[in-house]
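Let's take a walk through this chain together. Keep the sequence and the 3D view side by side as you read.

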Amino acid sequence: MCSVPKYIVFEDQLLQLFKRCAISGEDVLEKDLVKKGSALKITTLCKNSHSKEWVSQPNGKRAAARNLLLSGAILFTGNRFSRVSEMASTVNLAFPSEPDYFNWQKAPISSYKCMLAARKSFSPR
Ligand SMILES: [Zn+2]
């Protein structure tokens, strides 16, 4: 989960990929966006009734993967939620809410194994 590259994508750029039906190539008539933290789910429907659902990140047992990674990364890097959230808010970056952050931090330590391994290569502050 940690080793897979992740990207920041502008919503309007992303939505360009959902203008046409992936099955028939027809115009998409309905588009529904559901946001949770940094996760985005897009459901489309074309005039031929083809429905497609796309999610921006894989789902873990407790939360979408990047939401869990962000919560763990704040914790393991010694940062505070308020500071990182403020940075995200400044550029309108989709980011977990504070209650979700604290909830996701309660994930089993095994969820953060990849981050613990990465931290060993960092020099102490
Ligand atoms: Zn279609």
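**A guided tour of the fold**

Among the elements of the chain, helix α1 (residues 11-15) has the highest mean pLDDT, 96, and helix α5 (residues 113-119) the lowest, 67. Here pLDDT is the predictor's confidence in each residue, on a scale from 0 to 100, while helices (H or I, at least four residues) and strands (E, at least two) are DSSP runs numbered from the N terminus. This is a predicted model, in which local features need pLDDT of at least 70 and side-chain atom pairs count only at pLDDT 80 or more, whereas totals for chains, interfaces and linings use all residues. Residues are numbered from 1 along each chain as its sequence is written. Averaged over the chain, pLDDT is 85, and 82% of the residues score at least 70.

Let's begin with the layout. The chain holds 5 helices and 3 strands, and from the N terminus on the elements follow the order α-β-β-β-α-α-α-α. Of the contacts between residues at least 6 apart in sequence, 54% join residues at least 24 apart; two residues are in contact if their C-beta atoms, placed from the backbone, lie within 7 Å. Buried residues make up 18% of the 125 residues. A residue is buried if 20 or more other C-beta atoms lie within 10 Å of its own, exposed if 12 or fewer, and partly exposed in between, again with C-beta atoms placed from the backbone.

Now turn to the strands. How are the 3 strands of the sheet ordered? They form an open sheet in the order β1-β2-β3, with antiparallel pairing; two strands pair if DSSP finds at least two bridges between them. β1 (28-36) and β3 (51-55) are at the edges with a single partner strand each, so one side of each has no neighbour in the sheet. On average, neighbouring strands are turned by 15° against each other, direction ignored; the axes are lines fitted to C-alpha atoms, and angles run from 0 to 180 degrees between N-to-C directions.

β1 and β2 (residues 39-46) run antiparallel and are joined by 8 bridges. You can find one of these pairs at Val34, whose bridge partner in β2 is Lys41. The hairpin of β1 and β2 has 2 residues between the strands, and there Gly37 takes a positive phi near 60°. On the other side of the pairing scheme, β2 and β3 share 5 bridges, also in the antiparallel sense, and Ile42 has Trp54 as its bridge partner in β3.

The hairpin of β2 and β3 has 4 residues between the strands. Most residues other than glycine have a negative phi. Ser49, in the loop between β2 and β3, has a positive phi near 65° without being a glycine. With 9 C-beta neighbours inside 10 Å, Ser49 counts as exposed.

Next comes helix α2 (residues 65-76). At 1.5 Å a residue, its 12 residues should span 16 Å (the expected span is 1.5 Å times one less than the number of residues), and the end C-alpha atoms are indeed 16 Å apart. Its buried residues are Ala65, Arg66, Asn67, Leu68, Leu69, Leu70, Ser71 and Gly72. Just after α2, Gly78 takes a positive phi of about 75°.

Which residues make up the largest nonpolar core? It consists of 6 residues: Ala65, Leu68, Leu69, Leu70, Tyr101 and Trp104. A nonpolar core is a set of buried Ala, Val, Leu, Ile, Met, Phe, Trp, Tyr and Cys residues joined through C-beta atoms within 7 Å. α2 and α4 (98-104) each supply at least two residues of this core, and α2 gives the most, with 4 residues. Leu70 also touches Ser38 and Pro96, not counting residues up to four places away in sequence.

Helix α3 (residues 81-90) makes a good last stop. Of its 10 residues, the number buried is 0, so α3 lies largely in the open. Just after α3 comes Asn92, placed in the loop between α3 and α4. Asn92 has a positive phi of about 55° although it is not a glycine, and it is exposed, with 9 other C-beta atoms within 10 Å.
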